[in-house]
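Biologist: Could you take a close look at strand pairing for me, and then walk me through whatever else helps to place it in the whole chain?

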Amino acid sequence: MDNCDILIVGAGPVGLTLALELALQGVSFRIIDKSPARSEKSRALIVHPRTLELLARHGPVDRLIARGTIARGAVMNINRKLVTMVDMDDLDITDTEFPLPLMVSQAETEKFMEEALAGYGKTAVERGYAATCIVQDDQGVTTTVERPDVTQITIRSKYVVGCDGAHSIVRHSAPDLTFDGDAYPQDFILCDARLANSNVARDRFTICFGDTGLLAFFPISPPSEDGEDGGLIRLIASGGRSVTKQPPSQPSSSASQQPQHGEQTHQPPTLTHFQSLLESFAPPNSGIVHSPIWLARFRLHHRGVSSYRSRRLFLAGDAAHIHSPAGGQGMNVGIQDAVNLGWKLATAVLNHSLSEEARERLLDSYHAERYPVGRALLQGTDRMFSFTAAASPWILKVRNAVLPWVLPWLVAVKWVRRRFYGFISGFGTSYRGNLGESVVVGEDREGVMKKVRGGDRLPDGKVVELGRTGGRNAPDLPLSTLETEGRKETSLHRICRGASWHLLLFSGIGATGDAVTTVGVEGLSLAGERVLAVVKSECSLHFVFYHVAEDHDPEDGAGLRSDDGALQVVQVAGASSVASYADPGGRVHDLLGLDSGGAGFVMVRPDGYVSHIGYLSSLEEFVREWEIRVRI
């Protein structure tokens, strides 16, 4: 019998992400997939900005970006006429390195992940290995696996994670779980090909609404430099039977007799049919479709699992939620499932100082945090898909009559676009609402944290590296005269990478007249020691000092707040060398909502989300909450 800590079933983007997270944490795992080879067909092709941020924790994501096309917006046509252009590059999103989505083949995304996994020294996916039986008990999980030569092996693991899609054997092995939902009545058809003599935008996706359905264009690979190869593009069509050429079927109320979610291998569409759709839906001069590499018919379901955890079995991605491709969020939400789960499994396996109760509450927080995200995804994509890809002729006519009036108005209102973009980009995903259910989401301390709260994504504010500070006996940095010119700029996301938690301590931006004072090295070191004394997990400490910008007016309150005497100097343990940073003009203090003068703290989880945030005046409350409630 083979042993490992975690068995991952399914090696698509979700399973590979979980493998990366476990490799980062140093957990032993195996990842198996029943397919003998990675598919070169791209079921997902949009990598949203939040996903790019998370992948960047494992390697230079520029390598992946170079293989695809950055999407700068959308083009909306109705009945072959342009209605509006949607811009996404004017939304003033500055707290990220990746403000725009990437359109790239799923095969390229998986290649990037496998390259990153190799960088951790981990072996490749065990392909052609199919899990056939999964049985859990109080001590672990026994999985029977059929190998490519049809022989069987048994793998014993502490936990099993199902990243094995809509027909997950891991989910089927948990009789207490249900997968509730239904099938959409219409098919949708897909063609990955090239376009000749086309004026279709290659840095935007294009949606063409018609009276019988819709046709959408998604660039996959960029054009060649010489312009001879226009790059690969995906065409997706949905609507009535005249659009999809959907084969007739017998109506049935039995879910078991419904077509399964996913690709339908019978009667795939033809290239000729896609050319006719292009001529019917797209504006003139949209081109000629040629050189197809994939023609497919799909049937969609919208379903969600009742729980993301069944004791020692966990579900992520399509194994937990399936839905329409509206918004291109499926793979992205699955990847974020895996990022959320990975560090929690690692903590449960590696941190032997945890009590059984603390371990179980931490693992339960996976469902508490990700289930609401999956439910919101199902509801949101269902509404979008039902309206945009309806099969009913009268709904289509109403849609096409309303949209030419509504779309231009909506697009012109920036806050509307920002709110919608927050939903699809992943930037808006927050675990705020899980206070009480998730032990790693803290309270809104003092009622003043309006911009960032526990459960929010850590904004990627820019800071300047100062080097390492040498403990309590080092002199406070002369921040009033600090020279930042020539020093390296970095960001909160870059300094909060790695397997550990991160405690960011901020000096504050207060002042007394023209005299610049600060909660300096000694005060922040003392605060850091107070927190590190109760945290059982690995935690990295960082100091961020407010620096007066060169163009700052001293009469506006230049300087830093001084220690108020609440912290007494003691010998600092575990903080002999702390990375320190300058915050010119207090931009990061403001970004986090720590802009009321006082020094503050931000506790950042290994997945890049804030668990707790507050001013140092509430530090003891945070410490007590960690000791009583968090305990990891």
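Modeller: Happy to! Two strands count as paired here if DSSP finds at least two bridges between them. Strand S9 (residues 130-136) and strand S10 (residues 141-146) meet that rule with six bridges, and they run antiparallel. To find your way into this pair, start at alanine 131, whose bridge partner in S10 is valine 145. S9 and S10 make up a hairpin, and four residues sit between the two strands. Please keep in mind throughout that this is a predicted model.

A second hairpin makes a good companion to that one. Strand S5 (residues 73-78) pairs with strand S6 (residues 81-87) in the antiparallel sense, again over six bridges. Within this pair, valine 75 has methionine 85 of S6 standing opposite. The hairpin of S5 and S6 has two residues between the strands, and asparagine 79 takes a positive phi near 50 degrees there. Asparagine 79 belongs to the loop between S5 and S6, and its phi is positive although the residue is not a glycine. Is asparagine 79 buried or exposed? Neither label fits: asparagine 79 is partly exposed, because its relative accessible area of 39% lies between the 20% limit for buried and the 50% limit for exposed.

Asparagine 79 has a counterpart that is worth a visit. Arginine 631, also a residue other than glycine, has a positive phi near 60 degrees. You will find arginine 631 in the segment after helix H15 (619-630).

Back to the strands, and from hairpins to a sheet. As a general point, the strands of a sheet pair through backbone hydrogen bonds, either parallel or antiparallel. In this model, three strands come together in the order S3-S7-S4, forming an open sheet with antiparallel pairing. Its edges are strand S3 (46-47) and strand S4 (69-70), each of which pairs on one side only. S4 joins strand S7 (residues 102-103) through two bridges, in the antiparallel sense. One of the residues to click on is threonine 69, since its bridge partner in S7 is methionine 103.

One more strand deserves a stop, for the sake of a single side chain. Arginine 309 sits in strand S18 (residues 309-310). Is this arginine 309 buried or exposed? Arginine 309 counts as buried because its relative accessibility is 11%, and the limit for buried is under 20%. Beyond its neighbours within four places in sequence, arginine 309 touches Leu177, Phe314, Glu360, Leu363 and Asp364. Leucine 177 lies 132 residues away from arginine 309 in sequence, yet the two C-alpha atoms are 8.6 Å apart in space. The arginine 309 side chain also comes to 2.7 Å from the backbone oxygen of arginine 311.

Now for the empty space inside. There are two cavities of 30 Å³ or more, and the largest encloses about 140 Å³. Its lining has 16 residues, and the closest to the centre are Arg50, Glu53, Arg57, His493 and Arg497. Helix H2 (49-55) and helix H12 (492-495) are the elements that give two or more residues to this lining. H2 contributes the most, with three residues. By type, the lining of the largest cavity has seven nonpolar, two polar and seven charged residues.

The second largest cavity has a volume of about 30 Å³. Its lining is made of Leu54, Gln336, Val339, Asn340, Arg370, Tyr431, Asp607 and Tyr609. Helix H8 (residues 330-350) supplies the largest share of this lining, three residues. The lining of the second largest cavity divides into four nonpolar, two polar and two charged residues.

To put all this in its wider setting, the protein chain has 15 helices and 27 strands. Of its 632 residues, 58% are buried. Among contacts with a separation of 6 or more, 77% are between residues 24 or more positions apart. The pairing of arginine 309 with leucine 177 across 132 residues of sequence is a long-range example to look at on screen.

Key: Residues are numbered from 1 along each chain as its sequence is written. This is a predicted model: local features need pLDDT of at least 70, side-chain atom pairs count only at pLDDT 80 or more; totals for chains, interfaces and linings use all residues. Side-chain values use heavy atoms; hydrogens and water are left out. Buried means under 20% relative accessible area, exposed over 50%, partly exposed in between (1.4 Å probe, protein chains only). Contact means heavy atoms within 4.5 Å. A polar contact is a pair of N or O atoms within 3.5 Å; within protein, one must be able to donate a hydrogen and the other to accept it, and residues adjacent in sequence count only if both atoms are side-chain atoms. On a 1 Å grid over the protein atoms alone, a cavity is a set of points where a 1.4 Å probe fits but cannot get out, and a pocket is an open set with protein on both sides within 12 Å along at least five of seven lines; lining residues have an atom within 4 Å of a point. Grid points are joined across faces, edges and corners, and a volume is the space filled by probe spheres set on the points. Ala, Val, Leu, Ile, Met, Phe, Trp, Tyr, Cys and Pro count as nonpolar, Asp, Glu, Lys and Arg as charged, and the others, Gly among them, as polar.
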